[in-house]
Amino acid sequence: MRTRFEEGVQKPATSGDEQDWKLIQIYEVGRKWWAADGEEKDAGKKELIENLKVLEGELGDKCFYGGHTFGYVDIALVTFYSWFYTYETFGNFSFEKECPRPFPTLKRYWSSLCS
């Protein structure tokens, strides 16, 4: 059985699905970046940061991506957050410096899950 990623994920037609699309891209780019070297690794790092900036823009001044409720995008991003330290360590950069808006919320989610 083929997964959505093997079949090729198409960019969503509606702007409401843009958050989901960026989450899929963070996963895909992160996976490719992890195995890359040289210029590919640099390009992957740049793309990871760009995708996170789009999500940062979508969050705006809201507490959650769903507005006033904790939703699918919030849950998915919390699971990706556990990988950010690894990406930052091996990529020698900081997501938080590049995209500061979502991180206080992500840290709060993560600390409540781990305590």
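## Exercises on a predicted model

Trp33, Tyr81, Trp83, Phe84, Tyr87, Phe93 and Phe95 come together as one aromatic cluster. The model is a predicted one, and the exercises below start from this cluster.

**Exercise 1. Find how many aromatic pairs the structure holds, then classify the pair of Tyr87 and Phe95.**

Let's begin with the total: there are seven aromatic pairs. Next, take the rings of Tyr87 and Phe95: their centres are 6.4 Å apart and their planes stand at 70°. Rings pair when their centres lie within 6.5 Å, and planes over 60 degrees apart count as edge-to-face. The Tyr87 and Phe95 pair is therefore edge-to-face.

Now turn to Phe93, which pairs with Phe95. Here the centres are 5.0 Å apart and the planes make 85°, again an edge-to-face arrangement. To finish, check burial: Tyr87 and Phe95 are both buried, and Phe93 is buried as well.

**Exercise 2. Work out which residues touch the most other members of the largest nonpolar core, and which helix gives the largest share.**

Start with the membership. The core has 25 residues, and Leu52, Leu77, Phe84, Phe95 and Leu106 touch the most other members. Then look at where the residues come from: helices H2 (18-35), H3 (38-59), H4 (72-91) and H6 (103-114) each supply at least two. H4 gives the largest share, with eight residues.

As a last step, follow Leu106. Once neighbours within four places in sequence are set aside, Leu106 contacts Leu77, Val78, Tyr81 and Phe84. As a general point, nonpolar side chains in soluble globular proteins tend to be buried together.

**Exercise 3. Describe how H3 and H4 pack, and say what kinds of residue make up their contact.**

First, the geometry: the axes of H3 and H4 are 13 Å apart, at an angle of about 145°. The crossing of H3 past H4 is left-handed.

Second, the residues. From H3 come Lys41, Lys45, Leu48, Leu52 and Leu55, and they meet Leu77, Phe84, Tyr87, Phe90 and Gly91 of H4. Sorted by kind, the contact residues are seven nonpolar, one polar and two charged.

**Exercise 4. Place Glu47: which helix holds this residue, and is Glu47 buried, partly exposed or exposed?**

Glu47 belongs to helix H3. Its relative accessibility is 34%, and the partly exposed class runs between 20% and 50%. Glu47 therefore counts as partly exposed. For a final look at its surroundings, compare Glu47 with Val29: they are 18 residues apart in sequence, with 7.1 Å from C-alpha to C-alpha.

Key. Residues are numbered from 1 along each chain as its sequence is written. This is a predicted model: local features need pLDDT of at least 70, side-chain atom pairs count only at pLDDT 80 or more; totals for chains, interfaces and linings use all residues. Side-chain values use heavy atoms; hydrogens and water are left out. A nonpolar core is a set of buried Ala, Val, Leu, Ile, Met, Phe, Trp, Tyr and Cys residues joined through side-chain atoms within 4.5 Å. Buried means under 20% relative accessible area, exposed over 50%, partly exposed in between (1.4 Å probe, protein chains only). Helices (H or I, at least four residues) and strands (E, at least two) are DSSP runs, numbered from the N terminus. Contact means heavy atoms within 4.5 Å. Axes are lines fitted to C-alpha atoms, for helices over the stretch in contact, and angles run from 0 to 180 degrees between N-to-C directions. A crossing is left-handed if the near helix is turned anticlockwise from the far one by less than a right angle, and right-handed if clockwise. Ala, Val, Leu, Ile, Met, Phe, Trp, Tyr, Cys and Pro count as nonpolar, Asp, Glu, Lys and Arg as charged, and the others, Gly among them, as polar. Rings of Phe, Tyr and Trp (its six-membered ring) pair if their centres lie within 6.5 Å; planes under 30 degrees apart count as stacked, over 60 as edge-to-face and the rest as tilted.
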